[in-house]
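Reader: I have a model open and would like to go through it piece by piece. Can we start with the backbone and then move on to side chains?

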Amino acid sequence: MNFTKKSLVLVAFSFVTVMFSQEKPEVKIGGALRFNYNLSSWKDGQKKRGGDFGFDVFRINAKAKYKGIKLNAEYRFYSQSFGGGMLKQGWLGYDFNEKDNIQLGLTQVPFGITQYNSHSWFFGINYYLGLEDDHDMGVKFTHKGEKWEYALAFFKNAEELNFGSNSDVSDSRYSYDVASIDIDGDGNFDLRYKETNQLNGKVNYHFGSKNTQHQIGFSAQYGGLYNLDTEDTSSHHAFALHYQLNAKNFDAKAQVSTYKYNTKNTTYSDLIALTAYGAPYLTATEATTYTLGAAYTFPVKWKPISSIQVYNDFGYMDKAAENFEDSLMNVFGFLVTAGNVYTYIDFAAGKDHPWLGPVWTNALANGTPNADWDMRFNINIGYYF
C-alpha cells in the first residue's frame, strides 16, 4: 500500500471513529444537599430557642446529549410544608452552532439579568414578583455573539400540573407565577387566574476591555391573563432596563423593571395572587422595581476555603396604587467557598415583605402602614456534586 492509500485509509478510519464516538450518549448526574439555619426578629419563640437549623432541599440535576439533542433537568425535594417535590427546570435543546440554541420545555424566561439578578441566597425582590429566575413552559431561541446577544421566546403557560378544564394553578413550584387565592377565608377562591400565551424578547450589548466588561440590555414580555371564573382573557406586560459590570473580582448589577396585570376585576382591581413553595400571597397589579447589587470576591488560601465573596443586594418596589405601602428588602452577606461546599451567610432585612416579616398575604399588596424593618439572620450550607 503506497503512502497516498495509507493516508486515505487513516483519514477514513478517523472519520468513522469520530462518527461512532458522537453516537454515544453523554449523561451527567449531579445535585446538592442543603441545610438552613435562620433566626427571625418577628418570631418570638424562635428567638427564645436561638433559631432553628434543619433541612432545606435535596436536588438532582441531569444533563444528557445524544445525536445533537440535549437534555437539562433539575428536580427538587423540599419538605411538604415548603411545597414538596417540584421540577425547577426541564428542557430539550439543540445547538445550531456555537452561537445559536433552541430550548423546549420548562426553561428560564429571558427577562432582566439572568441567570440571577442578585448574589444572595434570598435572591432579589423581583424574584418574589415572578420577574427573576422565572421558568415557564414553552420554546426559546437564544443567540450569543461577541457583542450582541438576544433571546426570543413563546411560553404557552407557566408549569402546568393540573390539566382539567377549570383547574387552578398548583402551589408546588419553584418560581412565582400567577395563581388562585382565598382572600376572605370562606374556603372558596376569590381570585383565579392563569398566565397564557406569553411572548418574551431580550437583547444585551457587551463592551469594555479585557479586565472590565460592561453589559447593557432591555427586556420585554407580553401575555394573556386567563380568568378561570369568567373564562375571559385580559393581558399583562413587563419591561426592564438592566446593566452589569464585571471588573476582575468586582461585579455590580442594576435593573429598573415595571409590570402591570390588567385583571378587569372590579372587586379586587389592584390585587393579584402569586404562588410558589406551597403557599400563595397577594401582590399589587402594577408596580415599578429598582434593584442594585454589588459583590467583591476575595481569593484566600485557608484550607479548605478558597474564596469569600462579600455582597449587598437592595430592592425597592414602588406600587402604583396610592393607598398601598411600598416594599423594600436589603441583604448583606458572604458566600464562603470550600471545595464543593458553598455557604451563604445573610443578614436580610425587609419592610412589607412576605419572607422578611410577620405579614404574609398582604405584604406585597397593600402592606402595613408604618411598618417596621424586620431582620432575618440566615445561614445556608450546601454540598454540590
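Reader: Where is Gln115 found?
Author: Gln115 is found in the loop between β5 (100-108) and β6 (135-144). Helices (H or I, at least four residues) and strands (E, at least two) are DSSP runs, numbered from the N terminus. This is a predicted model, in which local features need pLDDT of at least 70 and side-chain atom pairs count only at pLDDT 80 or more, while totals for chains, interfaces and linings use all residues. Residues are numbered from 1 along each chain as its sequence is written, and side-chain values use heavy atoms, with hydrogens and water left out.

Reader: What kind of peptide bond joins Thr114 and Gln115?
Author: A cis bond, with omega about 15°. The bond from Lys303 to Pro304 is also cis, with omega near 5°. Pro304 sits in the loop between β16 and β17.

Reader: Which residue in the loop between β2 and β3 has an odd phi?
Author: Lys67, which lies in that loop, has a positive phi of about 55° although it is not a glycine. Lys67 counts as exposed, at 53% relative accessibility. For these labels, buried means under 20% relative accessible area, exposed over 50%, and partly exposed in between (1.4 Å probe, protein chains only).

Reader: And what is the phi of Asn197?
Author: Positive, about 50°, and Asn197 is not a glycine. Asn197 is found in strand β10 and is partly exposed, with a relative accessible area of 38%.

Reader: Change of topic. Lys88: buried or exposed?
Author: Lys88 counts as buried, because its relative accessibility is 3%. Lys88 lies in strand β4 (residues 85-95).

Reader: What does Lys88 touch?
Author: Leaving out residues up to four places away in sequence, Lys88 touches Glu74, Arg76, Leu106, Gln115, Tyr116, Asp133, His135 and Tyr174. Contact here means heavy atoms within 4.5 Å. The C-alpha atoms of Lys88 and Leu106 are separated by 7.8 Å, with their positions 18 residues apart along the chain.

Reader: Glu74 is on that list. Which residue does Glu74 form a salt bridge with?
Author: Arg59, with the closest N and O atoms 3.7 Å apart. Glu74 is in strand β3 (residues 69-77) and Arg59 in strand β2 (residues 52-66), so the pair ties together parts 15 residues apart in sequence. Glu74 and Arg59 are both buried. A salt bridge is a side-chain nitrogen of Lys or Arg within 4 Å of a carboxyl oxygen of Asp or Glu.

Reader: How many salt bridges in the whole structure?
Author: The search finds 12. One of them joins Arg192 and Asp229 at 2.8 Å, N to O. Arg192 lies in strand β10 (residues 191-208) and Asp229 in the loop between β11 (212-227) and β12 (233-247), so this pair ties together parts 37 residues apart in sequence. Arg192 is buried, with a relative accessible area of 10%, whereas Asp229 is partly exposed at 46%. As for networks, Arg59, Glu74 and Arg76 are joined into one by salt bridges that share partners.

Reader: What about within a helix: where do Asp44 and Lys47 lie?
Author: Both lie in helix α2 (residues 44-48), 3 residues apart, about one turn of the helix. Their side chains meet in a salt bridge (3.6 Å, N to O).

Reader: On to rings. How many aromatic pairs are there?
Author: The count comes to 33. Rings of Phe, Tyr and Trp (its six-membered ring) pair if their centres lie within 6.5 Å; planes under 30 degrees apart count as stacked, over 60 as edge-to-face and the rest as tilted. Tyr290 and Tyr316 are stacked, because their ring centres are 6.1 Å apart and their planes are at 20°. This pair links strand β16 (residues 286-302) with strand β17 (residues 305-319). The rings of Phe332 and Phe334 have centres 5.3 Å apart and planes at 75°, so that pair is edge-to-face.

Reader: Last one: how many residues are in the largest nonpolar core?
Author: There are 50, and those with the most contacts inside the core are Phe122, Tyr128, Tyr176, Tyr259, Tyr277 and Met317. Strand β14 (residues 271-276) gives the largest share, 5 residues. A nonpolar core is a set of buried Ala, Val, Leu, Ile, Met, Phe, Trp, Tyr and Cys residues joined through side-chain atoms within 4.5 Å.
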